[in-house]
Amino acid sequence: MEYTALHKLLWLLNAFTLTTQELVKLNVSPKVTAECGKQVTLNCDVSSSPNGLSIKHMAWIQNQTSLCSVDMEGKIKPHSRSDFHCEYKHGQLSLIFKRVRPLESGNSKPYTCKLQSNRGASNAKTSVEVQECCWSVESVWNEGRPTCTFRHVYPDGDVHWFHGSQNLSDGSVKQHTTKQVDNGWLTIHSYLEQNHSGVPYNCSLKSTASGRYIASSLVEKPDLHAQRNRAQVHKTRASNGVESQRPMWTFFFVLISLAVTLK
């Protein structure tokens, strides 16, 4: 009797071990850091041996919404969004973003890869963190005032104005700054109530997260910009005039040398 009970116990332990070994696991990166404006790829790989594995359904999900999925024939179900696409090959489902938006990033909004197969179900989570950034800066002289617009800013920033070596953000000159949010991105618009000429203005964006400057641009008064262009053209013409005389002097030198040699 004892032998029979021990035999059954060993058999159950062996069966449990085999079942555990056959469970399908998924491998994903625990956290992905996205550079500003760069493509981001989330990979989900089936870690178990493909021998005898039949994938019935595989998908990337966020906030209970399926972003992309694959059926048992390996075909990707089409989606209507244009900011990402999916690729599938040999048990790997890739979710590829052209650019990750801040609204889709952070640990509070993880991406989940789910799998259903003949060996059971499995899932794994990962998240994306967008680095601080500013995609573009537009600097113009608008209505007699230096103006800067910083687009696609994340997470936030403060505009600092400079005139030569003088920092104008100390309150000595009045500046106006507005911020607008669109899909998690900030657009920051700023201008100064000052229009001194002679030296270009500089507008710089300082990140509130790291305290470092992440974007900057020069703003020149139109007449100053025109003066610089005219000076550059004059300098180029003067240089070309000097250069054009060199071949002539070389020609006369060759003629004199030839005459002396013939004598």
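Two strands are taken as paired if DSSP finds at least two bridges between them. In the predicted model considered here, strand E8 and strand E9 (residues 120-130) meet this condition, pairing in the antiparallel sense over seven bridges, and within this pairing lysine 114 has asparagine 123 of E9 as its bridge partner. Both strands belong to an open sheet of five strands, arranged in the order E2-E9-E8-E4-E5 and with mixed pairing. The edges of this sheet are occupied by strand E2 (31-34) and strand E5 (65-71), each of which has a single partner strand, so that one side of each is left without a neighbour in the sheet. On average, and with direction ignored, neighbouring strands of this sheet are turned by 20° against each other.

The protein as a whole contains two helices and 17 strands, and buried residues account for 32% of its 263 residues. Of the contacts between residues at least 6 apart in sequence, 57% join residues that are at least 24 apart.

A further antiparallel pairing is formed by strand E14 (residues 175-182) and strand E15 (residues 185-192), which are joined over eight bridges; here the bridge partner of glutamine 180 is threonine 187 in E15. The two strands E14 and E15 form a hairpin with two residues between them, and in the turn asparagine 183 adopts a positive phi of about 55°.

With regard to aromatic side chains, the count of ring pairs comes to six. One of these is formed by phenylalanine 97 and tyrosine 111, whose ring centres are 5.8 Å apart and whose planes are at 65°, in an edge-to-face arrangement. This pair links distant parts of the chain, since phenylalanine 97 lies in strand E7 (residues 92-97) and tyrosine 111 in strand E8 (residues 111-117), 14 residues apart. Phenylalanine 97 and tyrosine 111 are both buried. The rings of phenylalanine 162 and tyrosine 213 have their centres 6.4 Å apart, and because their planes stand at 70°, over the cut-off of 60 degrees, this pair also counts as edge-to-face. Here, too, distant parts of the chain are linked, with phenylalanine 162 in strand E12 (residues 157-163) and tyrosine 213 in strand E17 (residues 213-219), 51 residues apart. The two partners fall into separate accessibility classes: phenylalanine 162, with a relative accessible area of 19%, is buried, whereas tyrosine 213, with a relative accessible area of 38%, is partly exposed. Ring pairs also link Phe84, Phe97 and Tyr111 into a cluster. In addition, arginine 99 lies over the face of tryptophan 135, at 4.7 Å from the ring centre.

The surroundings of serine 207 were examined in detail. Serine 207 lies in strand E16 (residues 201-207), and because its relative accessibility is 3%, under the 20% cut-off, the residue counts as buried. The side chain of serine 207 makes a polar contact of 2.5 Å with the side chain of glutamate 132, and the side chain of serine 207 also reaches the backbone nitrogen of alanine 209 at 3.1 Å. When residues up to four places away in sequence are not counted, serine 207 touches Glu132, Asp156, Gly157, Arg212 and Ile214. Glutamate 132 thus appears both among the residues touched by serine 207 and as a partner in a polar contact between side chains.

Note on methods: Residues are numbered from 1 along each chain as its sequence is written. This is a predicted model: local features need pLDDT of at least 70, side-chain atom pairs count only at pLDDT 80 or more; totals for chains, interfaces and linings use all residues. Side-chain values use heavy atoms; hydrogens and water are left out. Helices (H or I, at least four residues) and strands (E, at least two) are DSSP runs, numbered from the N terminus. Buried means under 20% relative accessible area, exposed over 50%, partly exposed in between (1.4 Å probe, protein chains only). A polar contact is a pair of N or O atoms within 3.5 Å; within protein, one must be able to donate a hydrogen and the other to accept it, and residues adjacent in sequence count only if both atoms are side-chain atoms. Contact means heavy atoms within 4.5 Å. Rings of Phe, Tyr and Trp (its six-membered ring) pair if their centres lie within 6.5 Å; planes under 30 degrees apart count as stacked, over 60 as edge-to-face and the rest as tilted. A charge sits over a ring if NZ of Lys or CZ of Arg is within 6 Å of the ring centre and within 35 degrees of the ring normal. Axes are lines fitted to C-alpha atoms, for helices over the stretch in contact, and angles run from 0 to 180 degrees between N-to-C directions.
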